[in-house]
Amino acid sequence: SKLSSLRWMGSKAVELKPGTYYIRIKASEGAGSPYHLQFTEVRRRKGEILPVTRSANALYVVTKPGINGTVTYYKPIGSPKASVVIPAAVWDDGIRYKVTSISANAFKGNKRLKEITLGKNVVSIGSRAFSGCTNLKGIKLPSGVSTIRSQVFYQCTGLKSITLPADVSSIGRQAFYGCKNLKAVTIKTRKLTASKVGEDVFKGIHPKAVIKIPKNKFNAYKKMLKKKGVGSQAVYKK
C-alpha cells in the first residue's frame with residue numbers, strides 16, 4: 001500500500017511519496033476539526049511492463065500483481081552485454097516483485113552474451129530463451145528451477161557444461177539440441193520421466209559427453225537419455 005494523500009477538511013490534498021509517515025496531533029488542534037487519512041494501493045495489472053526497470057537495461061512484465069507479486073524477465077534493452085545478471089527481485093512503487101521466470105525468446109540470437117547469472121527465485125525458463133546464443137559459455141541454473149521449456153539452449157554451441165538442479169521436473173523438446181561442445185552434464189534431479197522430457201533434448205551435444213546421474217536413477221535415466229538424443233559414445237557416471 002501507498003500513503004497517497006494527507007487531507008485536512010476544507011484544504012487541498014497533499015501528494016506524498018511512498019513511505020512511512022508519523023502524525024502527531026495535539027489535543028487543542030484536534031477539537032472539532034477531524035483529520036482524514038486516505039490510503040491508495042498502487043496495483044499493477046497482469047501483463048504490464050514495470051517502467052521503473054528501464055534504467056536497469058531490462059524490461060520486466062508483471063505475472064502476479066500486488067503485494068508478494070511476481071514478474072518475468074521480458075528482455076534486455078539497450079546495447080547487448082557480454083555478462084548479464086538477472087536479480088532475485090525488482091522494486092516498483094514500494095512493492096517488491098520476485099523475478100520467477102525468463103520469458104520466451106528473451107535472449108534469442110544474442111551473439112554477444114557470454115555469461116548469465118539467474119536470480120535465486122527463477123523457477124521457469126521460457127521457450128527459446130537463449131536459443132542461438134552461440135557465445136554463451138556459462139550459466140548456473142538456480143536450485144529452484146523446475147521447468148525448462150522447448151529449445152531453451154538450442155544451438156548454444158559455446159556451452160560446455162550444465163547442471164540440472166534437483167527440482168527440475170520437465171524439459172521441453174530440443175532444449176539442448178545442437179550444443180556440440182556440451183561435454184559435461186550433471187543431473188541432480190530425480191523427478192524426470194520419459195513423458196516429461198521432450199524429443200531430441202540432447203541431440204547433437206558432444207559425442208563423448210560425460211553424464212552424471214543420480215545413483216538410484218542410473219539405469220532408468222541412461223535408457224531414457226539414449227532415446228532423447230544422447231550419442232552412443234557418451235559416458236555415464238553415478
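Biologist: Are Phe176 and Phe202 buried or exposed in this model?

Modeller: Both Phe176 and Phe202 are buried. The model is a predicted one. The two residues also form an aromatic pair that is stacked, with 5.3 Å from centre to centre and 0° between the planes. Phe176 lies in the loop between β14 (170–171) and β15 (184–187), and Phe202 lies in the loop between β15 and β16 (210–212), so the pair ties together parts of the chain that are 26 residues apart in sequence.

Biologist: How many aromatic pairs are counted, and what is the geometry of Phe107 with Phe130?

Modeller: The count comes to seven aromatic pairs, rings being paired if their centres lie within 6.5 Å. The ring centres of Phe107 and Phe130 are 5.4 Å apart and their planes stand at 10°; planes under 30 degrees apart count as stacked, so this pair is stacked. Phe107 belongs to the loop between β8 (95–102) and β9, while Phe130 belongs to the loop between β10 (124–125) and β11; the pair thus links distant parts of the chain, 23 residues apart. Phe107 and Phe130 are buried.

Biologist: Which residues do ring pairs link into a cluster?

Modeller: The cluster consists of Tyr60, Tyr73, Phe107, Phe130, Phe153, Phe176 and Phe202. On another ring, that of Phe218, a charge is found over the face: Lys238 lies there at 5.2 Å from the ring centre.

Biologist: How should a sheet be read, and what is the order of the strands in the open sheet of three?

Modeller: Strands of a sheet pair through backbone hydrogen bonds, either parallel or antiparallel. In this structure, three strands form an open sheet in the order β6-β9-β11, and the pairing is parallel. β6 (83–85) and β11 (138–140) stand at the edges with a single partner strand each, so one side of each has no neighbour in the sheet. From one strand to the next, the twist averages 10°. Three bridges join β6 to β9 (residues 115–117), and Ser83 has Glu115 of β9 as its bridge partner.

Biologist: What is the order of the strands in the open sheet of four?

Modeller: That sheet has the order β13-β15-β16-β17, again with parallel pairing. Its edges are β13 and β17 (235–237); each has a single partner strand, so one side of each is left without a neighbour in the sheet. Neighbouring strands are turned by 15° against each other on average, direction ignored. β13 and β15 pair over four bridges in the parallel sense. Within this pairing, Ile162 stands opposite Val185 in β15, and Leu164 stands opposite Ile187 in β15.

Biologist: Which residues of β13 make up its covered face, and which its uncovered one?

Modeller: The covered face of β13 carries Ile162 and Leu164, whereas the uncovered face carries Ser161 and Thr163.

Biologist: How is a pocket to be understood, and what is the volume of the second largest pocket?

Modeller: Rolling a probe the size of a water molecule over the atoms shows where empty space is left. The second largest pocket has a volume of about 180 Å³. Its lining is formed by Ile139, Lys140, Leu141, Pro142, Ser143, Ser161, Ile162, Thr163, Pro165 and Lys188.

Biologist: Which elements give two or more residues to the lining of the second largest pocket?

Modeller: These elements are β11 and β13 (161–164). β13 gives the most to this lining, with three residues.

Definitions and conventions
Residues numbered from 1 in each chain as written. Predicted model: local features only at pLDDT ≥ 70, side-chain atom pairs only at ≥ 80, totals over all residues. Heavy atoms only, no water. Pairing = 2+ DSSP bridges. Axes fitted to C-alpha atoms, helices over the stretch in contact; angles between N-to-C directions. Phe/Tyr/Trp six-rings, centres within 6.5 Å; stacked < 30°, edge-to-face > 60°. Buried < 20%, exposed > 50% of the residue type's maximum accessible area, 1.4 Å probe, protein only. Lys NZ or Arg CZ within 6 Å of the ring centre and 35° of its normal. 1 Å grid on protein atoms, 1.4 Å probe; cavity = no way out; pocket = protein on both sides within 12 Å on 5 of 7 lines; lining within 4 Å. Points joined across faces, edges and corners; volume = space filled by probe spheres on them.
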